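Please examine the structure below together with its sequence. A set of questions and answers follows it.

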Amino acid sequence: MTTSVSERLLTIRDNRTLSTPDLVSIDDLSLADCELIFALAREFHKLKTKKLDLLKGKAIALGFFESSTRTQSSFDWAAKQLGADTVGVGSGTSEKKHESFFDVAQVIDSMNAAAVVIRTQYSGLPAQIAKYTNAAIVNAGDGWHEHPTQALIDGLTASDDFGSLKGKRITYVGDVLHSRVFGSSARLFAKLGAKIRIAAPLTFIPEDVETVFGAEVTHDIEAALSGTDIVYVLRVQNDRGATGDISTLREYSKAYGISEQRFRLANKNALLMHAGPVQRDTDIHHALMTIPESRILQMVENGLAIRKAVLWLLCTGATKSFTRI
Amino acid sequence: MAEQILITGGRVIDPASKRDEITDILIENGRIAKIGKIAVSSGMTVIDATNKIVSPGLIDLQVHLREPGREDKETIETGLKAAITGGITSVVSMPNLNPVADNQAVIEFQLKRAKELGLANLYPTAATTAGQKGERLTEMREVKLAGAVAVTDDGVDVQNAGLLEKAMKWAKTFDMPIFSHCEEESLHSNGVMHEGAWSTRLGLAGVSDAVEDYGIFRSLLLAERTGAQFHALHCSTAGGLQMIAAAKKRFPSITCETCPQYFALNDSICADYNTNAKMYPPIRSEDHRQAVIAALKDGTIDCISTDHAPHLLSEKMKPFAEAAYGSVGLETSLALGITHLVAPKHLTMMQLIEKMSTNPAKVIKIDRGTLRIGAVADITIFDSNTEWEVDPKKFYSKGKNCVFAGMKVRGKVIDVLVAGRHIYQNQSFVAQ
């Protein structure tokens, strides 16, 4: 029964709203915000693809200015299953007509969109646009910067296993420099009290990453894995400028790819995570994809639930101040 | 009877003659005729400078005027007006125009336009290489004869060290200073801000200090080898300034400058993806800012220029990585110097004026930047205490892209004379 389902969600929500009108960075969220999102996502997760009417009559625009499979379908289905109407605006002709991103956003906003989901190659664009829209801006990945809903997925998935993440050690392996997944995930895990470690060749380590994320950094993969509770593998982002930062994928894979043998250096019951797309046998050995410790597909499933929680909260959140340009 | 202007009761500061006293200045026929207690007599125009500072007109070694080519961003007229309101009486224009100032025609056009306008003095530079392409040398003798005061490839550095060495020899042959924007392009892959904690936090590609240091190293090495008169533009790094300090001991003709953004701001200004804070070199981290201040204090940095770079707002309303580089600065540089260098006692007022007038005049070898008797009466009168908030909407410059927007500063230009013509009076232009 739809009503009882909605009632259950409303009970969990308990009239709460997020402390932010937009979600462009994990830094926007308080700990209480994260807990609210997780609580709702757990309920949405149980409902699978059930059609609800929580966002009936709301319009949500999907501005995927960079191609995406899982994130775009996840946001689209999440919105539709909540009863919202969606429209894709990322592959329009605005760019060819030299219309600026800011004007596109204001145009969509003028059609009373409740939320605009943005995926872009440009770090910071969602944050820049958020100042000029009444619609909630949801960052679905901006350049090398952040991908906050992915981090919430990671946090939900890990806490489903571990409960509290306080004191748990997460080790990110791979292309940290170009990874927005790392940018958000490390922010969230630090917020949840986890210890952050990075294992990567020096060409993939951003300047001052130790101080910015409070991370331990090493290029010794074996040493890094020991004492780890979550092995989080980041793909080599050839599409975002990583070419030239490594000799060959073959050598990279030998040196940093996660094999069964390497994975076993981590703590017993350690989790294997990857935000996808997985480059099998480069990032992660094929055989590891289906081991019981792998959470890779569960993360995708949780994605739908997290995005439902985020969209529902933001589309029915506090009023926002904005200006027109 | 010659035209006489008397400036009375001001604190006259002239670094060239080490003068800092409350006195009067008499101007006759566009030149300084007398300094001391002077009685007002009939026929004199009197400017009361009580409680104000009377300084030689400021000289800015790095200004982008955009004309010819991008008159939508700035014209020689709007740029020179902006300069005057900032107390700048001489503007050195950069050659990245369209067409590039690598030939007599573009130099002569700028000079002709400036002469018609009768605002600030204009001293054009010419490109070091034809079209700023880094492929072959500009005809430096020709551009010098047309009126160019230096050569520079401006926003790009000559990447080929062999060509840079030849450019320095060619420039020395014709006694032309060579200005360099020091940058080794291969050391950054499309970096858009200073590489450090902030670039990591913001997920933006960084430009490390090594990019500039390497460029400075190469230029210093070649300047010493060739004996060229080398001037490093917009210095922003601790390492680069250290190398310059060492090189100056061996080779005193080496000079350098910085800009207000490098002593007043650090890279946290880029938070929120503030595209007005995007410029080249990037605004650096606090340790570099402190090094710039130290180098201003110890004299390593000779000059303060602005790198005034007007752009359309639509060129800044873009993703950070795509936004245009640069900020306007002509109308704020003196106030920023007072606020961030004199008020905290890093520099005395005389040292500030030396770096904004006396020393720049020496770099381009012009007979200005001093209040000596007989000197051309380019004079800036300012109140060093007035506080005001930077509001780009009030700028004379067409460029409203100002990284200092909204900041509170101290020091307001009140009157400006260029060659004895009192063109800016009590904060307004005099109708011509």
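The exchange below moves from the whole chain to helices, loops and the contact between chains.

Me: What kind of model is this, and which pLDDT do side-chain atom pairs need in order to count?
Reply: Residues are numbered from 1 along each chain as its sequence is written, while chains are lettered from A and ligands numbered from 1 in the order in which they are written. The model is predicted, local features need pLDDT of at least 70, totals for chains, interfaces and linings use all residues, and side-chain atom pairs count only at pLDDT 80 or more.

Me: How many helices and strands does chain B have?
Reply: Helices (H or I, at least four residues) and strands (E, at least two) are DSSP runs, numbered from the N terminus. On that basis chain B has twelve helices and 19 strands.

Me: What is the radius of gyration of chain B, and what does the globule rule give for 432 residues?
Reply: The C-alpha atoms of chain B fill a box of roughly 65 × 45 × 45 Å along the principal axes. The radius of gyration is taken over C-alpha atoms, and the globule rule is 2.2 Å times the number of residues to the power 0.38. Chain B is as compact as a globular protein of its length, because its radius of gyration is close to the value from the rule: 21 Å against 22 Å.

Me: Which percentage of the residues in chain B is buried?
Reply: A residue is buried if 20 or more other C-beta atoms lie within 10 Å of its own, exposed if 12 or fewer, and partly exposed in between, with C-beta atoms placed from the backbone. Of the 432 residues in chain B, the buried share is 59%.

Me: How many of the ten residues of helix α1 (residues 76-85) of chain B are buried?
Reply: The buried residues of α1(B) include I76(B), L80(B), K81(B) and I84(B). After α1(B) comes G87(B), with a positive phi near 85°. The helix is largely enclosed by the rest of the structure, because the number of its residues that are buried is nine.

Me: At what angle do helix α6 (residues 209-226) and helix α7 (residues 238-250) of chain B pack?
Reply: Axes are lines fitted to C-alpha atoms, for helices over the stretch in contact, and angles run from 0 to 180 degrees between N-to-C directions. Angles under 35 degrees count as roughly parallel, over 145 as roughly antiparallel, 65 to 115 as roughly perpendicular and the rest as oblique. α6(B) and α7(B) are therefore roughly parallel to each other. Their axes are 8 Å apart, and the angle is about 15°.

Me: Which residues of α7(B) does α6(B) meet?
Reply: Two residues are in contact if their C-beta atoms, placed from the backbone, lie within 7 Å. From α6(B) come D209(B), E212(B), D213(B), I216(B), F217(B), L220(B) and E224(B), and they meet A238(B), G239(B), G240(B), M243(B), I244(B), A247(B) and R250(B).

Me: Is α6 (residues 148-162) of chain A parallel or oblique to α7(A)?
Reply: The axes of α6(A) and α7(A) come within 8 Å and cross at roughly 50°. That angle therefore makes α6(A), relative to α7(A), oblique.

Me: Where is P277(A) found?
Reply: A cis peptide bond joins G276(A) and P277(A), with omega about -5°. P277(A) is in the loop between two elements of chain A, β9 (271-274) and α12 (296-315).

Me: Which loop of chain B holds P99(B)?
Reply: The peptide bond from N98(B) to P99(B) is cis, with omega near 5°. P99(B) is in the loop between β7 (88-93) and α2 (104-117).

Me: Is N29(B) buried or exposed?
Reply: N29(B) lies in the loop between β2 (19-28) and β3 (31-36) of chain B. Its phi is positive, near 50°, in a residue other than glycine. As N29(B) has 11 C-beta neighbours inside 10 Å, it counts as exposed.

Me: What is the phi of K365(B)?
Reply: K365(B) is in the loop between α12 (349-363) and β16 (379-389) of chain B. With 12 other C-beta atoms within 10 Å, K365(B) is exposed. Although K365(B) is not a glycine, its phi is positive, about 55°.

Me: How many residues does each chain give to the contact?
Reply: The contact takes 23 residues from chain A and 19 residues from chain B.
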